[in-house]
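Got the viewer open? Here is a walk through the structure, one selection after another.

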Amino acid sequence: MSKSSLKQTLKDLDTKKISIRELNQDYLKRIKENENLNIFIHFSEENVLKQIDNLEKDNSEKKLKGIPIAIKDLFCTKSMPTTAASKILENFNPTYESFVTQKLLDEGSIFVGKTNLDEFAMGSATNTSFFGNTINPLSQENEPLAPGGSSGGSAAAVAADLCLGATGTDTGGSIRQPASFCGVVGIKPTYGLCSRWGIAAFASSLDQAGIFSHNVEDASILLQSIAGFDQRDSTSAKVDIPNYFENLDDDLNGKTVGIPKEYSIDGTPMEISQIWEDAIKVLEKKGVKIKNISLPHTKYALPTYYIIAPAEASSNLARYDGVKYGFRSDEIDSLDEMYENTRAQGFGREVKRRILIGTYVLSAGYYDAYYLKAQKVRKLIADDFNKAFKECDFIVTPTAPSAAFPLNEKQNDPIKMYLNDVFTVPASLAGLPGISIPFGKDKNNLPLGIQILGKHFDEQQVFNAAVSLERSYE
Amino acid sequence: MKIDKNTINKIARLSRIKLDDKESEDYIKDLNSILDWVEQLNEVNTENVEPLSNISSSILPKREDVSNDTNSSEEILENAPDKLEGFFAVPKVVE
């Protein structure tokens, strides 16, 4: 099955080689054939057909007119329910559209459905969803694999060719790690590039929207569509958004790549170290200077993250109280009991674990020792990157410490699960843009990913390095 | 052990999450192992380091002080588990 790219499809639509209806019916067919993978929380053929009808009546020119896009079910959408994969938001119908999805609608794209995720984006395997596991489309018959997480449904939707692109969110690696597991491209832009308006909040100082696609060119087209300033998000950045696609340049001659020695971690499989070396060799051949750099606080990134993210989550998730929307328990003898039972029954185990830990580290007497300490270490981690970027234009590392693992593995040990994000969390804490592209395979023929990190708002450099590596690999 | 039965009950109460005995035990174990693990941050010297709370380089922009009427209470109440005469309804709070 050869997957058509977004770029090619736009051409085919333009030259009338294919109609919007034909194109989307092709995707609808595959979505129905792949229902067993449990990629979508919400899918309605009728809804898609209605969107096609409307677009056929619309004569205006739109950049993504008729392009099938899958939406992570963390983005509020007016045309479809939004659950954040939680029982507590079952049957929630947003009264407004998120910034990112509105941009995609304005460009004429078609939403094929809402994709599965870890509950409130808390997880690394899409196995904490109230709506069940998503299965990695690359799984063999007898061994179902995890798609990674939290945006596992979106990564799987692209990998199974059920859309030409998908939205995701990345708080500590939730776009890059599943992209690596599913063999697709995933970019988390700079914190602040895409408005968080209308995205169910997990950890507000880290959450960022991004894109999954079949290749780097497509990602550059889609990211440009969802980026931009929005006054409803106080951390939204007022920066000019370049035309990433038009500016793509795979000539890296004279650039410098940073290779952080702290990312060589004991226990990393040989295959992962190997693809990292291969990527460096490819870059060297292209005239890129190789610079060994040091990010000395790297090993503290994960524990820092697992204080800051749950702390912010415990505050953000206080709004789910059974009053305004979503699920309410039946056992409601008093107001307090209503809150306590609603939240006990409405949240899953991992979400409760994080709310509890977050509440603890913010509670009186512990705030300084945990939360404030973590924010200080976060500063040191961000400073490490600032120093490193004085010596290099971009940084190359592996994306994840393993290929896709079997479903249900690592479920009992939270810390082991958290280690999945060891290569992605540091850049999240520093707010830097990062992309994962497929690069090499492991011994079971499963894809592995290379991560490219750039300076704040230097997505163009990230795309350029990514497209260069991608083209040399193909 | 940082988290004992009393502490977990206190945090659960602050979080407004009811836990049964089995859950309390599981979370005591989980939280202690996570807190032991994050303890390594104490190795880092953070004297005179400013805490980083906002990574965004953007400066809060000002906007025109104009009212923006988006009264959609009916629409919003559509999602309420219980409502009464245009308000959210909750269990009685005063006797």
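Start by selecting S4(A) together with strand S6 (residues 208-213) of chain A: the two pair in the antiparallel sense, over 5 bridges. This is a predicted model, so keep that in mind at every stop. To find your place along the pair, click A:Ala166, which stands opposite A:Phe212 in S6(A).

Now turn to the other partner. Strand S2 (residues 68-72) of chain A pairs with S4(A) in the parallel sense, over 2 bridges. Pick A:Ile69 and look across to A:Gly165, its bridge partner in S4(A).

How many of the residues of strand S4 (residues 165-170) of chain A are buried? The count is 6 of the 6, so the strand is largely enclosed by the rest of the structure. Show the residues and check which way they point: A:Gly165, A:Thr167 and A:Thr169 go one way, A:Ala166, A:Gly168 and A:Asp170 go the other way, and all are buried.

**The whole sheet**

Next, colour the strands of chain A. There are 11 of them, and they form an open sheet with mixed pairing, in the order S1-S3-S2-S4-S6-S5-S10-S11-S9-S7-S8. Strand S1 (40-42) and strand S8 (289-293) of chain A are the edge strands, each pairing on one side only. Ignoring direction, neighbouring strands of this sheet are turned by 35° against each other on average.

For another pair in the sheet, select strand S9 (residues 394-398) and strand S11 (residues 447-453) of chain A. They pair in the antiparallel sense over 4 bridges, and A:Pro398 has A:Ile450 in S11(A) as its bridge partner. Now add helix H15 (residues 459-473) of chain A: H15(A) lies across S9, strand S10 (434-441) and S11 of chain A, and runs at about 10° to S10(A).

**Zoom out on chain A**

Show chain A in full. Its secondary structure comes to 15 helices and 11 strands, and its C-alpha atoms fill a box of roughly 70 × 60 × 50 Å along the principal axes. The radius of gyration is 21 Å, which agrees with the value near 23 Å for a compact globule of 474 residues. Buried residues make up 59% of the 474 in this chain. If you look at contacts between residues at least 6 apart in sequence, 76% of them join residues at least 24 apart.

**Two helices**

Go to helix H7 (residues 216-226) of chain A. H7(A) is mostly covered, with 11 of its 11 residues buried; among them are A:Val216, A:Glu217, A:Asp218 and A:Leu222. Step past the end of H7(A) to A:Gly228, which follows the helix and has a positive phi, near 140°.

Then pick helix H10 (residues 335-346) of chain A. With 12 residues, H10(A) reaches 16 Å from its first C-alpha to its last, close to the 16 Å expected at 1.5 Å a residue. Its buried residues include A:Met338, A:Tyr339, A:Glu340 and A:Arg343.

**Two single residues**

Click A:Glu22, which is found in helix H2 (residues 20-33) of chain A. Buried, exposed or partly exposed: which is A:Glu22? With 13 other C-beta atoms within 10 Å, A:Glu22 is partly exposed. Put a distance line from A:Glu22 to A:Ile52: the two are 30 residues apart along the chain, and their C-alpha atoms are separated by 10.0 Å.

Now go to A:Leu372, in helix H12 (residues 368-388) of chain A. A:Leu372 has 16 C-beta neighbours inside 10 Å, so A:Leu372 counts as partly exposed too. A:Ile307 is 65 residues from A:Leu372 in sequence and 9.6 Å from it in space, C-alpha to C-alpha. What is A:Leu372 in contact with, leaving aside its neighbours within four places in sequence? The contacts are A:Tyr367 and B:Pro51.

**Over to chain B**

That last contact takes you to the other chain. Select the residues where the chains touch: 56 come from chain A and 44 from chain B. On the side of chain B that touches chain A, helix H1 (5-14), helix H2 (21-38) and helix H3 (73-77) of chain B each give two or more residues. H2(B) gives the most, with 7 residues. Colour this side of chain B by residue type and you get 25 nonpolar, 11 polar and 8 charged.

How values were computed: Residues numbered from 1 in each chain as written. Chains lettered and ligands numbered in written order. Predicted model: local features only at pLDDT ≥ 70, side-chain atom pairs only at ≥ 80, totals over all residues. Buried ≥ 20, exposed ≤ 12 C-beta atoms within 10 Å, placed from the backbone. Pairing = 2+ DSSP bridges. Rg over C-alpha atoms; globule rule 2.2 N^0.38 Å. Contact = placed C-beta atoms within 7 Å. Axes fitted to C-alpha atoms, helices over the stretch in contact; angles between N-to-C directions. Nonpolar A, V, L, I, M, F, W, Y, C, P; charged D, E, K, R; others polar. Expected span 1.5 Å × (residues − 1).
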